[in-house]
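User: I would like to go through this model and ask how each label is earned. Please set the values against the definitions.

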Amino acid sequence: MRIVKTATATAAVALSVAGIAACGNSDSPSSETAGSTVNTPAAGSGVEGDQSAPSAISDNKVTIAATEYAFAPAALSATAGKVDFTLQNDGAIEHELVVLKTNKAPADLKEDPKTARVSESRSIGEVSETAAGATKSATLDLEPGKYLFVCNIAGHYKLGMTGTLTVK
Ligand SMILES: [Cu+2]
């Protein structure tokens, strides 16, 4: 029988934390006061693929920024139920947000040449005309399906003010 001696060395390490004055300068972390959705137009490089990855609406609330002539985000997904849409007009002129229930692609709505507007026969509701710099909201009850949202002020749809919404 072999007796194995184990030397248990209990090293008590005393951590003396002295001199914490290392980072003593008072340059505070700078103000990150910018709002949630900063209007960042697609710059030349590194643009996030907004169209391939829809922004999921959480807490049944979404803010969509309008500018000349686009919405951001332009692709949304949501779960069925009531959703509070806020239109934040970051542009210089009036915009609106009309939600249409349709399977069509964003570019496939027909614009009436006389009015330069698209049909609102499939509208399920809207945030009506909102002045530049202003914000307006509307609560819409969404059933599962595919939707488009458009700004239906004359000419704005054709100029690019449309986006997709998928509801599950
Ligand atoms: Cu518009």
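User: Which residue in S3 is the bridge partner of Ala-65?

Analyst: The partner is Ala-72. This is a predicted model, in which local features need pLDDT of at least 70, side-chain atom pairs count only at pLDDT 80 or more, and totals for chains, interfaces and linings use all residues. Residues are numbered from 1 along each chain as its sequence is written.

User: What makes S2 and S3 a pair?

Analyst: Two strands pair if DSSP finds at least two bridges between them. S2 and S3 have 3 bridges, in the antiparallel sense, so the criterion of at least two is met. A hairpin joins S2 to S3 through 2 residues.

User: What is counted as a strand here, and how many are there?

Analyst: Strands are DSSP runs of E with at least two residues, and helices are runs of H or I with at least four, both numbered from the N terminus. By that rule the protein has 0 helices and 12 strands.

User: Why is Ala-65 called buried?

Analyst: A residue is buried if 20 or more other C-beta atoms lie within 10 Å of its own, exposed if 12 or fewer, and partly exposed in between, with C-beta atoms placed from the backbone. Ala-65 has 22 such atoms within 10 Å, and is therefore buried. Its place is in strand S2. Ala-65 and Leu-87 are 22 residues apart in sequence, and their C-alpha atoms are 6.0 Å apart. Of the 168 residues of the protein, 23% count as buried.

User: Why is Thr-86 called partly exposed?

Analyst: Thr-86 has 16 other C-beta atoms within 10 Å, so it falls in between the two limits. Thr-86 lies in strand S5.

User: What does Thr-86 touch, leaving out residues up to four places away in sequence?

Analyst: Two residues are in contact if their C-beta atoms, placed from the backbone, lie within 7 Å. Thr-86 touches Val-62, Thr-63, Thr-135 and Ser-137. Thr-63 is also the bridge partner of Thr-86. Val-62 is 24 residues from Thr-86 in sequence, with 6.1 Å between their C-alpha atoms.

User: How do you know that S5 pairs with both S2 and S10?

Analyst: S2 and S5 share 6 bridges in the parallel sense, while 8 bridges join S5 (residues 81-89) to S10, which run antiparallel. Both counts satisfy the rule of at least two bridges. In the S5 and S10 pair, Gly-81 stands opposite Leu-142.

User: Which strands make up the open sheet, and what makes some of them edge strands?

Analyst: The order is S3-S2-S5-S10, and the pairing is mixed. S3 (70-72) and S10 (135-142) are the edge strands, as each pairs on one side only. The twist averages 30° from one strand to the next, where axes are lines fitted to C-alpha atoms and angles run from 0 to 180 degrees between N-to-C directions.

User: What is meant by the largest nonpolar core, and which residues have the most contacts inside it?

Analyst: A nonpolar core is a set of buried Ala, Val, Leu, Ile, Met, Phe, Trp, Tyr and Cys residues joined through C-beta atoms within 7 Å. The largest one has 28 residues, and those with the most contacts inside it are Phe-71, Leu-97, Val-99, Phe-149 and Val-150. Elements giving two or more residues to this core include S2, S5 and strand S11 (145-150). Beyond four places in sequence, the contacts of Phe-71 include Ala-65, Phe-149 and Met-161.
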